[in-house]
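Got the viewer open? Then let's walk through this one stop by stop, with something to select at each.

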Amino acid sequence: MIVTEKAPAKINLSLDTPMRYLDGSPQWNMVMNSVDLADYLTIDIHTRPQTIKIYTDSGFLPNDQRNLAYQAAHILKTRFHRSEGVTVRIKKNIPVAAGLGGGSSDAAAVLRGLNRGWELGLSDDELARLSLTIDSDVPYCIYSHTAHVTGHGEQITLLPQCPHYWAVIAKPSVSVSTPTILRQINYERIQHLDNTGLLAAIQEENWQAAFAKMGNVLEPVTMREYPKIRKLKDGMIKLGADMAHMSGTGPTVFGICHSESRAKRIYNSMRGFCSEVYLVMLL
């Protein structure tokens, strides 16, 4: 049996962290959305060999148990005592190590695909709970819908969907270590966001007010080490983006526009600064 799944990239419309848990991991308070930049997965469920195989067209990703898609297949195969083998082929379109949740979305797609293929009957909520052991972004990626994400990433509250605005996504040619950035957070000096106001604006579907409340408290940390990120963000704002922020721990910057012509102008300008620039729509 062959199952196909789409794995959309995510962006952080708002990213805040109120505190650090005793185990050292951050507590999250985020608003997330998906865009129509996506990986595509083909999941082949077969009788022999009874192993998990991962193939990607990217030379930057491991194909063994370090791959989040592998971990997702292993979780369902083990928990439900499935004897079949699983071969996953991933066509990568989402940049790797970009703060766009590509690996997490691939893992979520494997969980959804195997849930269908094996007729397990698990709800999205059940898949999200299972997926938290893989990565904190995977529960959100199960839904890929505008959502308020809290706790370790497992508390998902769906919100009114964003309009189909345009987004320009630009990834500079630097590699950011998420654990390194998270260790540098100074909780005594962090400038927290008004996520309560943001959520109220989204519920009222007042998106211009929502744009003013969006942000990412990790920007000062990452931008200290990678000044190019700030230049990209400032450039998008000057060119007329309704808002622009870093996604996740970086280095990717995205700008949102309600106007397609303005988004295209920003896209064309950013291509002079970055080799990886995408013009997409919010899902």
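Start with the largest pocket and select Leu-68, Ser-104, Asp-135, Asp-137 and Thr-178: of the 38 residues in its lining, these lie nearest the centre. A pocket here is an open set of points on a 1 Å grid over the protein atoms alone, where a 1.4 Å probe fits and protein lies on both sides within 12 Å along at least five of seven lines; lining residues have an atom within 4 Å of a point. Before going on, note that this is a predicted model, in which local features need pLDDT of at least 70 and side-chain atom pairs count only at pLDDT 80 or more, while totals for chains, interfaces and linings use all residues. Residues are numbered from 1 along each chain as its sequence is written, and side-chain values use heavy atoms, with hydrogens and water left out.

The volume of this largest pocket is about 930 Å³, taken as the space filled by probe spheres set on the points, with grid points joined across faces, edges and corners. Now colour strand E1 (2-16), strand E2 (28-46), helix H1 (68-79), helix H2 (102-117) and helix H5 (178-183), each of which puts at least two residues into the lining. Helices (H or I, at least four residues) and strands (E, at least two) are DSSP runs, numbered from the N terminus. Which element gives the most to this lining? That is H2, with four residues. Colour by class and the lining splits into 18 nonpolar, 14 polar and six charged residues; Ala, Val, Leu, Ile, Met, Phe, Trp, Tyr, Cys and Pro count as nonpolar, Asp, Glu, Lys and Arg as charged, and the others, Gly among them, as polar.

Stay at the pocket and click on Asp-137, which sits in the loop between H3 and H4. Asp-137 has a relative accessible area of 15% and is buried (buried is under 20% relative accessible area, exposed over 50%, partly exposed in between, with a 1.4 Å probe and protein chains only). Show its contacts (heavy atoms within 4.5 Å): leaving aside neighbours within four places in sequence, Asp-137 touches Lys-10, Met-32 and Ser-104.

Next, select helix H3, residues 124-131, and pick out Leu-127, Ala-128, Leu-130 and Ser-131, which are buried. Look down the axis of H3: the buried residues fall within an arc of 165 degrees, so they line one face of the helix. That arc is taken from the directions from the helix axis to the C-beta atoms. Show the surroundings too, and you'll find these buried residues of H3 packing against H1, H2 and helix H4 (138-143).

Time for the charged pairs. The model holds 11 salt bridges, each a side-chain nitrogen of Lys or Arg within 4 Å of a carboxyl oxygen of Asp or Glu. Select Glu-5 and Arg-112, whose closest N and O atoms are 3.2 Å apart. This pair links distant parts of the chain, with Glu-5 in strand E1 and Arg-112 in helix H2, 107 residues apart. Both Glu-5 and Arg-112 are buried.

Now add Arg-116, which also forms a salt bridge with Glu-5, with a closest N to O distance of 2.9 Å. Arg-116 lies in helix H2 and Glu-5 in strand E1, so this pair ties together parts 111 residues apart in sequence. Are the two partners buried or exposed? Arg-116 is partly exposed at 48% relative accessible area, whereas Glu-5, at 12%, counts as buried.

Jump to Glu-219 and Lys-233, whose side chains meet in a salt bridge at 2.7 Å, N to O. Glu-219 is in helix H8 and Lys-233 in helix H9 (residues 227-238), so the pair ties together parts 14 residues apart in sequence. Both of these residues, Glu-219 and Lys-233, are buried. Flick back for a moment to Glu-5, Arg-112 and Arg-116, which salt bridges with shared partners join into one network.

For the last stop, select Lys-171 in strand E7 (residues 166-171). Lys-171 is buried, with a relative accessible area of 8%. Beyond neighbours within four places in sequence, its contacts include Pro-95, Val-96, Pro-251, Cys-274 and Glu-276.
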